[in-house]
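Trainee: I should like to understand how the terms used for a protein model are justified. May we go through them one by one?

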Amino acid sequence: MNFYAIRAIYLFEMARTVRTLMQSIASPVLSTSLYFIVFGSAIGSKMVEIDGISYGAYIVPGLIMLSLLSESISNASFGIHMPRFTGAIYEILAAPISAFETVLAFVGAAATKSLVLGLIILATARLFVDYSIAHPLLMLLFLVLTSVTFSLLGFIIGVWADGFEKLQIIPLMIITPLTFLGGTFYSISMLPPFWQTVTLFNPVVYLVSGFRWAFYEQSDVSIWVSFGMITLFLVVCMCTVAWIFKTGYRLKD
Amino acid sequence: MSDTALDIQQIHKTYKSGFTALENVNLSIRAGEIFALLGPNGAGKTTLISIICGIVNASSGRVLVGGFDSRSSYREARQRVGLVPQELSLSMFESVWATVRFSRGLYGKAPNDAYLESLLKSLSLWDKKDSRIMALSGGMKRRVLIAKALAHEPEILFLDEPTAGVDVALRQDMWAMIRGLKARGVTIILTTHYIDEAEDMADRIGVINEGKIMLVEDKHSLMQKLGRRQLILTLPEPRDRLPDSLADLDLSLEEGGMQLVYQFDSQSEGSGIRTLLRRLDEVGVEFRDLHTEQSSLEDIFVSLIGGAK
């Protein structure tokens, strides 16, 4: 195991976060805070409770998930795409470092950032709405699993994308709609039956639902199904990354 | 370390596009030598270096670095190698110091700030250590690439066109540094378009063209073997033509008839100069001055590549 290499890439990526603090931490915290102010405090106070939970508190887990998903993807995709773009990737490809170590370092750094961001947003939410966490450890586990899984997805996107605009497309065109339609702002039981069935094909539903269960012991789908889905997604991402390194897809000729 | 630093065995590379960049390349690099790989653009130089460093996968064949297979023992093989790429491929937002520390770590070496400090000093980069790379000039960026390649104290250093677009001062600095590395036992493999540099620096020369190694020779024996010598006689006044009685000699009139150029082979037993001078005297051809010239590596290179076409 090349620990020095893992540490070098990890610290390099973390240093990038510190360099771009406004963009990587302040901006998502600000935008999520706006959601809390508008939907949590302002509109939320006029809304009825959902499953016995005040609307402001109900949307907290979903909003954290929304930030977590988009930030994990954007951090990890940018982290691997940037050296590909500048050509500096040559050094990583030529270094005595295995594929596993490379991914561990890049994805580890991206997931760390997302995790920290998730916790900051969680703390920020407290300023605007009152919420409780029934199962803090489970909540943390969900945060970690989601950060890692979506950082892996981000890594895949960063390798796949052949330009910066493509890095934006997936979070913007796929993840944001899936999150908005994944029960962040409502319980899927509020939808007509047909749309409830359609929604079950949205993987984000399972993340938001499971995460919300850790807070309030209320969920749209069983916590075990949620766990199963995120684990499945994690495995799919890991297999894809393994395939990328095995074939050298877009990394090596 | 064995006498062979690098052993390239039957490397073949065909890209997905169908382009064959390397065909059955065999090459052995001795430990501690400076080896210059010459070849026109697109000859396969960078592909070969990229395969050795693990950036490009070979279609077949294998590479042994210090006896370690570059695929099955990639960790041992790669940590022996440093690469200075042709392009200025750098992460622009980092400081010089951060980037060399990063490179050292990437190659699995424990931090050694004293070594990195001496390295940056030797490359005149120490006073720029806290500068962001984007703020450096092109020449300075190239120095940073060299510092990064040397950060993990490699045994073999690849320099892919190291002096392309570099000013005279930096070129001289770079060659001084390369001589210093060679003195410390580092094996150096460089590609260059400046053939005079190869002529100055290299112990051995390899010529690659269209993906094939055309020759590998000790520089001096190459110059001797392929080097043609010329005797140039400057005439007192221009001549239109040579006397017919000299037609059997390898003579030509050049520079508007002001110079008589005699070609001879430095390897053959007799140069024929005495005979030439006697016969010139017989037909009354006088000359003001005479000197000899040896063809440069560049001439040799051009004739080799030209001959292949």
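Mentor: Certainly. Please keep in mind that this is a predicted model. Let us begin with chain B, where 6 strands form an open sheet in the order β6-β7-β8-β3-β9-β10, with mixed pairing.

Trainee: What makes β6 and β10 of chain B the edge strands?

Mentor: Each of them, β6 (81–84) and β10 (212–218) of chain B, pairs on one side only. Neighbouring strands of this sheet are turned by 15° against each other on average, direction ignored.

Trainee: How do you know that β3 and β8 of chain B are paired?

Mentor: Pairing requires at least two bridges between the strands. Strand β3 (residues 34–38) and strand β8 (residues 187–191) of chain B are joined by 4 bridges, so the requirement of at least two is met. The two strands run parallel, and Ala36(B) stands opposite Leu190(B) in β8(B).

Trainee: Which strands of the sheet does α5(B) touch?

Mentor: α5(B) packs on the sheet and touches β6 and β7 of chain B; its direction makes about 170° with that of β6(B). Helix α6 (residues 168–183) of chain B also packs on the sheet, where it touches β3, β7 and β8 of chain B. The direction of α6(B) makes about 145° with that of β8(B).

Trainee: Why is helix α1 of chain B called mostly covered?

Mentor: A residue is buried if 20 or more other C-beta atoms lie within 10 Å of its own. In α1 (residues 45–53) of chain B, 9 of its 9 residues are buried. Among them are Lys45(B), Leu48(B), Ile51(B) and Cys53(B). Just after α1(B), Gly54(B) takes a positive phi of about 90°.

Trainee: What makes a positive phi worth noting at Glu217(A)?

Mentor: Most residues other than glycine have a negative phi. Glu217(A) is not a glycine, yet its phi is positive, about 55°. Glu217(A) lies in the loop between α9 (203–216) and α10 (223–247) of chain A. In chain B, Glu153(B) likewise has a positive phi of about 55° although it is not a glycine. Glu153(B) is found in the loop between α5 (138–150) and β7 (156–160) of chain B.

Trainee: How do you know whether Glu217(A) is buried or exposed?

Mentor: The cut-off for an exposed residue is 12 or fewer neighbours. Glu217(A) has 12 C-beta neighbours inside 10 Å, and therefore counts as exposed.

Trainee: What, then, is Glu153(B) called?

Mentor: Glu153(B) has 16 C-beta neighbours inside 10 Å, so it counts as partly exposed. Val144(A), in helix α6 (residues 136–160) of chain A, is also partly exposed, with 15 other C-beta atoms within 10 Å. Val144(A) and Thr112(A) are 32 residues apart in sequence and 8.5 Å apart in space, C-alpha to C-alpha.

Trainee: Let us turn to the contact between the chains. How many residues take part on each side?

Mentor: 23 residues of chain A are in contact with 28 residues of chain B. On the side of chain A, the elements that give two or more residues are α1 (3–19), α3 (55–86) and α4 (89–94). α1(A) gives the most, with 7 residues. By class, this side of chain A divides into 14 nonpolar, 4 polar and 5 charged residues.

Trainee: Why are α1(A) and α3(B) called roughly antiparallel?

Mentor: Angles over 145 degrees count as roughly antiparallel. α1(A) and helix α3 (residues 96–106) of chain B pack at an angle of about 150°, with their axes 7 Å apart. The two helices are therefore roughly antiparallel to each other. Their contact includes Tyr4(A) and Phe12(A) of α1(A), and Ala98(B) and Phe102(B) of α3(B). By class, the contact has 8 nonpolar, 1 polar and 1 charged residues.

Trainee: Into which domains is chain B divided?

Mentor: The domain assignment divides chain B into domain 1 (4–223) and domain 2 (227–308). Their centres, taken over C-alpha atoms, are separated by 41 Å. 11 residues of domain 1 are in contact with 9 residues of domain 2 of chain B. On the side of domain 1 that touches domain 2, α7(B) gives the most, with 4 residues.

Methods:
Residues are numbered from 1 along each chain as its sequence is written. Chains are lettered from A and ligands numbered from 1 in the order in which they are written. This is a predicted model: local features need pLDDT of at least 70, side-chain atom pairs count only at pLDDT 80 or more; totals for chains, interfaces and linings use all residues. Two residues are in contact if their C-beta atoms, placed from the backbone, lie within 7 Å. Ala, Val, Leu, Ile, Met, Phe, Trp, Tyr, Cys and Pro count as nonpolar, Asp, Glu, Lys and Arg as charged, and the others, Gly among them, as polar. Axes are lines fitted to C-alpha atoms, for helices over the stretch in contact, and angles run from 0 to 180 degrees between N-to-C directions. Angles under 35 degrees count as roughly parallel, over 145 as roughly antiparallel, 65 to 115 as roughly perpendicular and the rest as oblique.
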